[in-house]
Amino acid sequence: MNPLPAQSTRRVAVIAGARVPFARSDGPYATASNQEMLTAALDGLVERHGLQGPGEVGEFVAGAVLKHSRDFNLARETVLGSALHPSTPAYDIQQACGTGLQAVIAAANKIALGQTGSAIAGGADTASDAPLGVNDRLRRILLEARRAKSLGGRAKALAKVRPGHLVPDIPRNAEPRTGLSMGEHAAVTARAWGVTREAQDELAATSHRRLAAAYERGFFQDLVVPFRGLSRDQNLRPGSTVEQLAALRPVFGLSGPEPTMTAGNSTPLTDGAATVLLASEEWAEARGLEPLAYLTAYEAAAVDFVGGDVAGGEDGLLMAPAYAVPRMLERAGLGIEDFDLVEIHEAFASQVLATLAAWEKRGLAPVDRARLNVAGSSLATGHPFAATGARIVATLAGLLAERGGPGRGLISVCAAGGQGVTAILERT
Ligand SMILES: CC(=O)CC(=O)SCCNC(=O)CCNC(=O)[C@H](O)C(C)(C)COP(=O)(O)OP(=O)(O)OC[C@H]1O[C@@H](n2cnc3c(N)ncnc32)[C@H](O)[C@@H]1OP(=O)(O)O
């Protein structure tokens with residue numbers, strides 16, 4: 001854990017969040033780019049809180065997992081097309097599904113160190129508009145042709161092109177080192193931890209039920225900015241029951257005995273974007289803005305999933321939070337029972353359940369399910385990879401504020417590459 005040191009640093013407040021409703025891929029946002037979605041989420045924040053002036057926001061930090069080469073600095077391009085002042089510096093980061101949370105941490109560090117009074121963090125991802133690459137062999141031929149000094153040299157290089165070179169390089173939802181998809185990795189972990197189908201379906205149904213209830217009571221009124229005809233997450237199925245979920249056919253882990261993971265207890269491929277406004281207390285006070293919560297600690301960890309998953313072990317691809325959270329809590333001198341709310345990103349129901357089991361195995365108390373993902377999570381909202389961390393920070397801060405009074409919330413996000421990013425939000 002890296003607690004933000006008390007003496008020489010300032011408290012970092014979470015002031016507000018804004019996101020577009022998340023959409024199932026190839027649906028209503030099929031023609032929207034990362035930049036368009038991120039701009040809509042950013043503008044939602046800027047316009048609601050009057051942040052248009054020069055120097056009003058210190059910087060914008062954001063990222064995307066699936067990024068086009070034209071978006072070489074997606075964050076800066078987004079600022080230039082948004083209501084935020086063009087003099088606002090911006091940069092990209094990427095830590096797979098931990099991107100949105102890591103962007104929040106990067107922004108928070110600068111505020112804590114007094115380098116800026118405020119910053120916006122966020123993320124966007126579209127699986128609909130995924131960047132197709134040119135086949136590597138074709139790319140090399142094209143580069144050779146570009147380097148050629150004569151027309152003849154160019155023609156000679158281009159003559160090497162074969163029909164097979166025209167096959168595009170399509171990004172796969174798979175780990176480069178194993179070739180396995182995220183779902184296949186999660187299926188190995190589910191088996192290693194003995195996660196049942198019933199428990200996964202129950203978690204998925206709860207996620208939909210709680211997200212629906214949160215929309216119903218107006219919780220997302222200030223958080224969700226309508227976009228392209230959607231005003232709430234398209235994946236949400238308020239009536240999704242355990243019985244319906246139990247009827248779905250397994251889609252991952254089919255080569256092993258009794259596969260348990262389905263389209264209902266896995267996140268769908270999703271398009272969306274989310275942003276969070278962070279600031280020092282002085283900055284917020286000067287503008288009459290009430291902090292929702294404070295970011296008080298964070299941690300990151302990584303596991304050797306290549307060895308772990310190949311051996312069918314417990315340290316699976318998405319299990320790094322099993323190390324990050326106990327480490328963060330130990331350094332903070334807290335137990336899991338000290339948290340009023342716990343937010344675990346639901347990449348797959350099985351990964352949430354394996355994480356809970358791993359925390360207990362490492363000596364943490366069981367998580368009270370009444371405190372877990374109380375406004376639903378990724379199984380119901382969907383999961384636009386880089387947006388998820390920012391969605392969770394804004395949701396948890398809003399939930400703590402909604403409760404009123406002092407409170408503490410924990411965030412746990414698993415990420416591809418065997419990584420995990422975690423954080424603590426508090427209200428005093
Ligand atoms: C990336 C990181 O760093 C870390 C991470 O987060 S890892 C996670 C990354 N994300 C992923 O890997 C995405 C995984 N998901 C997928 O690949 C796909 O969504 C999937 C293969 C699981 C399913 O794809 P699909 O078959 O197109 O799903 P879809 O057609 O929507 O649903 C299949 C059926 O289930 C039904 N269904 C889905 N959810 C349901 C629910 N909650 N209740 C009832 N029925 C449901 C659908 O209605 C559909 O039924 P029909 O066939 O009768 O129409």
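Guide: A residue counts as buried under 20% relative accessible area, as exposed over 50%, and as partly exposed in between. The model here is predicted.

Visitor: Why is Lys110 called partly exposed?

Guide: Lys110 has 27% relative accessibility. The partly exposed class lies between the 20% and 50% limits, so Lys110 is partly exposed.

Visitor: What makes Glu59 and Lys110 a salt bridge?

Guide: The closest N and O atoms of Glu59 and Lys110 are 3.1 Å apart. The cut-off is 4 Å between a side-chain nitrogen of Lys or Arg and a carboxyl oxygen of Asp or Glu, so the pair qualifies. Glu59 sits in the loop between α1 (34-49) and β3 (60-63), and Lys110 in helix α3 (residues 99-112), so the salt bridge links distant parts of the chain, 51 residues apart.

Visitor: Is Glu59 buried or exposed, and how do you know?

Guide: The relative accessible area of Glu59 is 7%. The limit for buried is under 20%, so Glu59 is buried.

Visitor: How many salt bridges does a search of the whole structure find?

Guide: The search finds 20 salt bridges. Among them is the pair of Arg11 and Glu281, with closest N and O atoms 3.0 Å apart. Arg11 lies in the segment before β1 (12-19) and Glu281 in helix α9 (residues 281-286), 270 residues apart.

Visitor: Which class of accessibility do you give Arg11, and why?

Guide: Arg11 is partly exposed, because 34% relative accessibility falls between the limits. Glu281, at 28%, is partly exposed as well.

Visitor: What makes Asp136 and Arg139 about one helical turn apart?

Guide: Asp136 and Arg139 are three residues apart in helix α4 (residues 136-147), which means a separation of about one helical turn. Their side chains meet in a salt bridge, 2.7 Å from N to O. Asp136 has 38% relative accessibility and Arg139 has 35%, so both are partly exposed. Asp136, Arg139 and Arg140 are joined into one network by salt bridges that share partners.

Visitor: Why is Ser33 called buried?

Guide: Ser33 has a relative accessible area of 13%, and the limit is under 20%, so the word applies. Ser33 is in the loop between β2 (23-24) and α1. Leaving aside residues up to four places away in sequence, Ser33 touches Arg70, Thr126 and Asp129. The C-alpha atoms of Ser33 and His68 are 9.3 Å apart, with their positions 35 residues apart along the chain.

Visitor: How do you know that both faces of strand β10 are covered?

Guide: Strand β10 (residues 341-344) has Leu341 and Glu343 on one side and Val342 and Ile344 on the other, and all are buried.

Visitor: What makes β10 and β11 paired strands?

Guide: Four bridges join β10 to strand β11 (residues 407-415). Pairing requires at least two, so the strands pair. They run parallel, and Leu341 has Gly409 in β11 as its bridge partner.

Visitor: What lines the largest cavity?

Guide: The lining consists of Gly17, Ala18, Arg19, Leu223, Thr275, Arg391, Ala394 and Thr395. β1 and α14 (388-403) are the elements that give two or more residues to the lining. By type, the lining residues divide into three nonpolar, three polar and two charged. The space in the largest cavity is about 40 Å³, and the search of the whole structure finds one cavity of 30 Å³ or more.

How values were computed: Residues numbered from 1 in each chain as written. Predicted model: local features only at pLDDT ≥ 70, side-chain atom pairs only at ≥ 80, totals over all residues. Heavy atoms only, no water. Buried < 20%, exposed > 50% of the residue type's maximum accessible area, 1.4 Å probe, protein only. Contact = heavy atoms within 4.5 Å. 1 Å grid on protein atoms, 1.4 Å probe; cavity = no way out; pocket = protein on both sides within 12 Å on 5 of 7 lines; lining within 4 Å. Points joined across faces, edges and corners; volume = space filled by probe spheres on them. Nonpolar A, V, L, I, M, F, W, Y, C, P; charged D, E, K, R; others polar.
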